[in-house]
Amino acid sequence: MKVLPRTLAALAAAIVVLTVGWALPAQAHGNIQNPPSRNFYCWERWGAEFQNPAMATEDPMCWQAWQADPNAMWNWNGLFREGVAGNHQGAIPDGQLCSAGRSNSGRYNALDTVGNWHATNVSNSFTAHVFDQASHGADYIRLYVTKQGFNPVTQPLTWANLELVKEIGNTPASQWNQVSGGVALDIPVSAPGRTGRHMVYTIWQASHLDQSYYWCSDVNFGGTSSPSPTATATSSPTPTPTPTATASPTPSPTGGAAGCAVTYTTASSWSGGYQGDIKVTAGSSAIKGWTVKWTLPSGQTVSQSWNATVTSSGSAVTATNASYNGALGAGASTSFGFIATGTASALTPTCAATV
């Protein structure tokens, strides 16, 4: 069966949603787009491929969220509670902060699941990009960062884990920046003393009602700030390419054997692990598939991968294309990523193509 292009896949996904009756956002609200919240990231990354079984192994935390309730992603801009009256800790129990206390009849419960969610690479001073699709404005916005020693991969989030690092007061929508589809604020945040994996927790008190929004973003301190996503909400999902934080300059392509070339980038790193991104580019003629090989430093292993099937034999690693990204036109590119144990170092992958 012919694989649909990304834009057509997004349209097909929206048609499926309407067919089976999953609710799309009835009223526009907002979310934090950088560092992206858990459900915004899962929508942006997988909205056009939400039925792709590869998600189960390539991005298991998003997979379990999509399986639990796809509406948590389609309605990424509706994670709120009403009538809290400022008593956020009283309204939301520990361990339920990411779902706003299991709000919306439990729609967002899977966002509380502890595990290795995708983490955005940030520095200790970064900019939070908050998107307000309905131009509600804010009575206030509070940004918290977890304390050093907290590990979101193994621990549920509690109020005691959080430290308030930034708060802005009453800010009408007229004072926000006009962007496509609504308004947005870029808020500078400083979180000194953090290294490795953490969470950013945002509370947006909208001005139009007593309506409080709660967002969990997974981050990795120690790299450079990532750019804000450009996705804006529409009445049906229209994903844009996933933003990738790059910790080092993009190297020149290597391994151009048999019709394809590759570039490797360390996207982020933390104590005991790192994320690598590999870009595959077809040569002067179209290819039907590709295989990328590289050697890890002694003792390292690949623990996760996405957009490719990755196997290992000792330190030797082989990645082959997924069913949907193997065929590339002349000069066209695709990419895949992986998480490995150990300390990041320069890798030199090679590429071979099926023509």
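Four short exercises on a predicted model follow, each with a worked solution.

**Exercise 1. Backbone at proline 35**

Task: Determine whether the peptide bond from asparagine 34 to proline 35 is cis or trans, and place proline 35 in the fold.

Solution:
- Start with omega. For the bond from asparagine 34 to proline 35, omega is near -10 degrees.
- Assign the bond. The link is cis.
- Set this against the general rule. Most peptide bonds are trans.
- Now locate the residue. Proline 35 sits in the loop between β1 (30-34) and α2 (38-46).

**Exercise 2. Surroundings of arginine 38**

Task: Decide whether arginine 38 is buried or exposed, and list what arginine 38 touches.

Solution:
- Place the residue. Arginine 38 belongs to helix α2.
- Check the accessibility. The relative accessible area of arginine 38 is 5%.
- Apply the cut-off. Buried means under 20%, so arginine 38 is buried.
- List the contacts, leaving out residues up to four places away in sequence. Arginine 38 touches Cys98, Leu111, Asp112, Thr113, Trp117, Met199, Cys216 and Asp218.

**Exercise 3. Positive phi in helix α7**

Task: For asparagine 104 and serine 105, give phi. Then classify the exposure of asparagine 104 and of serine 105.

Solution:
- Locate both residues. Asparagine 104 is in helix α7 (residues 103-106). Serine 105 lies in helix α7 as well.
- Read the angles. Phi is near 55 degrees for asparagine 104 and near 60 degrees for serine 105.
- Note the sign. The value is positive in asparagine 104 and positive in serine 105.
- Recall the background. Most residues other than glycine have a negative phi.
- Classify asparagine 104. Its relative accessibility is 30%, so asparagine 104 counts as partly exposed.
- Classify serine 105. Its relative accessibility is 84%, so serine 105 counts as exposed. The cut-off for exposed is over 50%.

**Exercise 4. A four-stranded sheet**

Task: Work out the strand order of the sheet that holds β15, and explain why one side of β15 and of β18 has no neighbour in the sheet.

Solution:
- Write the order. The open sheet of four strands runs β15-β16-β13-β18, with antiparallel pairing.
- Find the edges. β15 (308-313) and β18 (350-354) each have a single partner strand, so one side of each is left without a neighbour in the sheet.
- Add the twist. Neighbouring strands of this sheet are turned by 20 degrees against each other on average, direction ignored.
- Zoom in on one pair. Six bridges join β15 to β16 (residues 316-321), and the two run antiparallel.
- Pick out a facing pair. Threonine 309 is opposite threonine 320 in β16.

Notes:
Residues are numbered from 1 along each chain as its sequence is written. This is a predicted model: local features need pLDDT of at least 70, side-chain atom pairs count only at pLDDT 80 or more; totals for chains, interfaces and linings use all residues. Side-chain values use heavy atoms; hydrogens and water are left out. Buried means under 20% relative accessible area, exposed over 50%, partly exposed in between (1.4 Å probe, protein chains only). Contact means heavy atoms within 4.5 Å. Two strands pair if DSSP finds at least two bridges between them. Axes are lines fitted to C-alpha atoms, for helices over the stretch in contact, and angles run from 0 to 180 degrees between N-to-C directions.
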